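Q: Please take a close look at one part of this predicted model, beginning with a single residue and working outwards to the elements around it. I would like one connected account rather than a list.

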Amino acid sequence: MTTFNVFRYDPAIDKCPKMETFDVKNERGMTVLEGLFYILENLDPTLCFRSSCRAAICGSCAMHINGQYRLACRTQIEHLKSDTVTVRPIAHSEIIKDLVVDMTNFFANLEKIKPYIINEGPFPEREFLQSEGERKGLDHLIDCILCGCCYGACPSAGTDEDYLGPHALMKTLRFINDPRDKGGKERLAFVSSENGVFRCHTVFNCQEVCPKDLDPSSAIARLKMKAVWNTLKNLVS
Amino acid sequence: MKLSNALSNTKNDILLNPNAGTFSYVLHRLTGLALAGYIFAHIIVLSAVLSGPESFTQRLALVQTGIFHYLEIGLIAVIFIHMLNGLRITVADFANLTRLHKTLLWLSILIFCAIMAVTFYVFLF
Amino acid sequence: MENNTSTAEKADIPQEKTIAPTLNWFTQRITGVFLAGFLFAHVVVLHFLKNGEINFDRVFQRIHNSPLWFAFYLAFIIMGIYHGLNGVWSVIIDYNPSESARKGLLALLWFFGIAAAIMGLFVLNGLIFTQINPKL
């Protein structure tokens with residue numbers, strides 16, 4: 001038996017959030033997501049949470065589990081080494097119901113950095129060819145599944161909804177590093193604005209929580225250097 | 001975002017992310033604000049020199065005796081916490097050593113302990 | 001988000017708007033590194049090696065008419081005040097002050113910074129270039 005402490009809040013009915021306790025029959029290899037499904041099927045059909053692929057690919061089931069943001073589908077209850085599992089929604093976003101949050105702002109911040117290749121041409125006859133080395137430069141940067149763990153864990157994102165967030169900043173570096181992309185300049189301007197990369201206070205929470213073991217902190221550090229050199233160069237010339 | 005929301009978010013973020021990074025971030029902010037205040041106090045204390053050497057010596061004697069002597073140990077601790085953590089995040093950013101941030105943290109803790117050992121030795125013996 | 005204030009506002013940011021945040025961050029790191037060296041020297045000389053009480057005569061003997069110490073403390077004072085107030089400013093903008101609060105707080109920080117720098121320079125002058133037993 002494992003005790004689940006689950007965050008419950010329905011803004012339409014409840015005045016304030018509360019934690020509800022459920023006893024879940026724990027089998028070997030069971031994930032936190034399966035525990036939530038157990039509650040949904042056997043104990044309380046009104047529990048609300050997002051999930052889809054159950055294989056750490058879609059990034060829907062990111063939540064705060066026992067002191068850290070994780071993907072519920074990838075976290076085995078056994079590995080938490082605890083009799084209780086405490087589950088909360090991702091911070092810094094409005095709660096729609098229980099563990100489901102409104103990610104509008106998260107994706108709006110991603111949209112700001114223009115997450116698509118900008119290239120006015122001339123275009124090659126067939127596809128843009130990429131060398132192996134060029135593709136290597138994008139490794140890890142493109143593996144982000146946009147689950148929102150880093151955004152929830154970042155204290156800078158908590159004080160400013162316009163702060164781009166580790167997810168958007170890492171995507172920025174992915175496009176700046178891409179030789180097919182010609183929009184580096186406008187992106188860099190966004191990145192070095194007040195809500196950009198310099199709001200980062202190097203807390204390393206994004207790296208700590210990333211379920212894909214990526215390193216947004218490193219992307220942000222490299223963007224800071226690029227932004228600084230770019231600005232210094234503009235000031236000198 | 002409203003100030004009250006931002007402040008409560010900060011509080012929750014600290015409680016929900018009990019990492020080494022959060023810990024050093026909070027310490028860095030608090031020691032930084034304390035040191036910014038201390039610069040002003042320091043200049044005001046030393047401004048006694050404007051009314052002559054005797055008053056400077058008197059004022060300095062005042063802040064070197066009794067409880068101030070022991071508060072100085074705290075001051076040195078605050079200075080080196082802020083300094084070492086600042087160097088750590090600067091190195092991590094400039095040399096792209098973000099994957100080593102925990103190693104760097106342990107290194108700064110080690111240096112901090114060494115410096116504090118010297119401080120206690122100098123101040124108490 | 002009731003009114004979607006921050007949704008997909010894709011207008012480009014003008015180059016001028018990126019200069020202040022970038023330089024604030026960069027100078028904060030640079031002065032920080034310098035201050036680490038200065039402060040270490042300062043703490044070692046005045047706290048670890050002091051051997052007895054600090055008074056005017058000892059400070060005077062150490063730094064009197066020394067251009068090197070003058071340069072050291074000049075840089076120390078300016079960078080220290082800048083680093084401190086720039087750090088306070090970065091905490092302030094973290095909490096999104098309104099446009100008017102921003103202006104007011106920035107003016108306040110400039111006022112304190114300049115006042116402290118002037119005061120600091122007077123103190124420095126008093127300690128380094130004072131003739132024996134003067135009344136400044």
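A: A good place to begin is A:A72, which, when residues up to four places away in sequence are left aside, touches A:T31, A:V32, A:L33, A:L36, A:S51, A:C61, A:M63 and A:I65. This is a predicted model, and everything that follows is to be read in that light. The largest nonpolar core has 65 residues, and within it A:A72 and A:L169 are the residues that touch the most other members. Domain 1 (2-101) and domain 2 (104-236) of chain A both contribute residues to this core, so it lies between them. Apart from it there is another core, of 26 residues, which includes B:L35, C:F56, C:Y73 and C:L85.

Two of the residues that A:A72 touches, A:M63 and A:I65, lead directly to strand β3(A), which is covered on both of its faces: A:A62 and A:H64 are buried on one side, and A:M63 and A:I65 are buried on the other. This arrangement fits a general rule, namely that in a regular strand the side chains alternate between the two faces of the sheet.

On one flank, β3(A) pairs with β4(A) in the antiparallel sense over 4 bridges, and within this pairing A:A62 stands opposite A:L71 of β4(A). The two strands β3(A) and β4(A) form a hairpin with 2 residues between them, and A:N66, which sits in the turn, has a positive phi of about 45 degrees. A further partner of β3(A) is strand β5 (residues 84-88) of chain A, with which it pairs, again in the antiparallel sense, over 2 bridges. In that pairing A:H64 stands opposite A:R88 of β5(A), while the bridge partner of A:I65 in β5(A) is A:V87.

These pairings belong to an open sheet of 5 strands in chain A, whose order is β2-β1-β5-β3-β4 and whose pairing is mixed. The edge strands of the sheet are β2 (18-24) and β4 of chain A, each of which pairs on one side only. Direction ignored, neighbouring strands of the sheet are turned against each other by 35 degrees on average. Helix α1 (residues 32-43) of chain A lies across β1 (2-8), β2, β3 and β5 of chain A, and this helix runs at about 90 degrees to β2(A).

From the sheet the view can be widened to the division of chain A into domain 1 (2-101) and domain 2 (104-236). The C-alpha centres of domain 1 and domain 2 of chain A lie 30 Å apart, and the contact between them involves 15 residues of domain 1 and 14 residues of domain 2. On the side of domain 1 of chain A that touches domain 2, the elements that give two or more residues are β3 (62-65) and β4 (68-71) of chain A. Of the elements there, β4(A) gives the most, with 4 residues. Sorted by class, the residues on this side of domain 1 of chain A are 8 nonpolar, 5 polar and 2 charged.

In domain 2 (104-236) of chain A, helix α2 (residues 104-112) of chain A has as its buried residues A:N105, A:F106, A:A108, A:N109, A:L110 and A:K112. Among the elements that cover the buried residues of α2(A) are α4 (149-153), α6 (165-176) and α7 (184-191) of chain A. After α2(A) comes A:K114, whose phi is positive, near 55 degrees.

As a setting for these details, chain A has 9 helices and 7 strands in its secondary structure, and its C-alpha trace spans about 65 × 40 × 30 Å along the principal axes. Of the 237 residues in chain A, 48% are buried. Among the contacts in chain A between residues at least 6 apart in sequence, 65% join residues that are at least 24 apart.

Beyond chain A, 31 residues of chain C are in contact with 31 residues of chain B. The side of chain C that touches chain B receives at least two residues from each of α1 (16-48), α3 (67-94) and α4 (99-128) of chain C, and its largest share, 8 residues, comes from α1(C). By class, this side of chain C has 18 nonpolar, 10 polar and 3 charged residues.

Conventions. Residues numbered from 1 in each chain as written. Chains lettered and ligands numbered in written order. Predicted model: local features only at pLDDT ≥ 70, side-chain atom pairs only at ≥ 80, totals over all residues. Buried ≥ 20, exposed ≤ 12 C-beta atoms within 10 Å, placed from the backbone. Contact = placed C-beta atoms within 7 Å. Nonpolar A, V, L, I, M, F, W, Y, C, P; charged D, E, K, R; others polar. Domains from an automatic or database assignment. Pairing = 2+ DSSP bridges. Axes fitted to C-alpha atoms, helices over the stretch in contact; angles between N-to-C directions. Core = buried A, V, L, I, M, F, W, Y, C linked by C-beta atoms within 7 Å.
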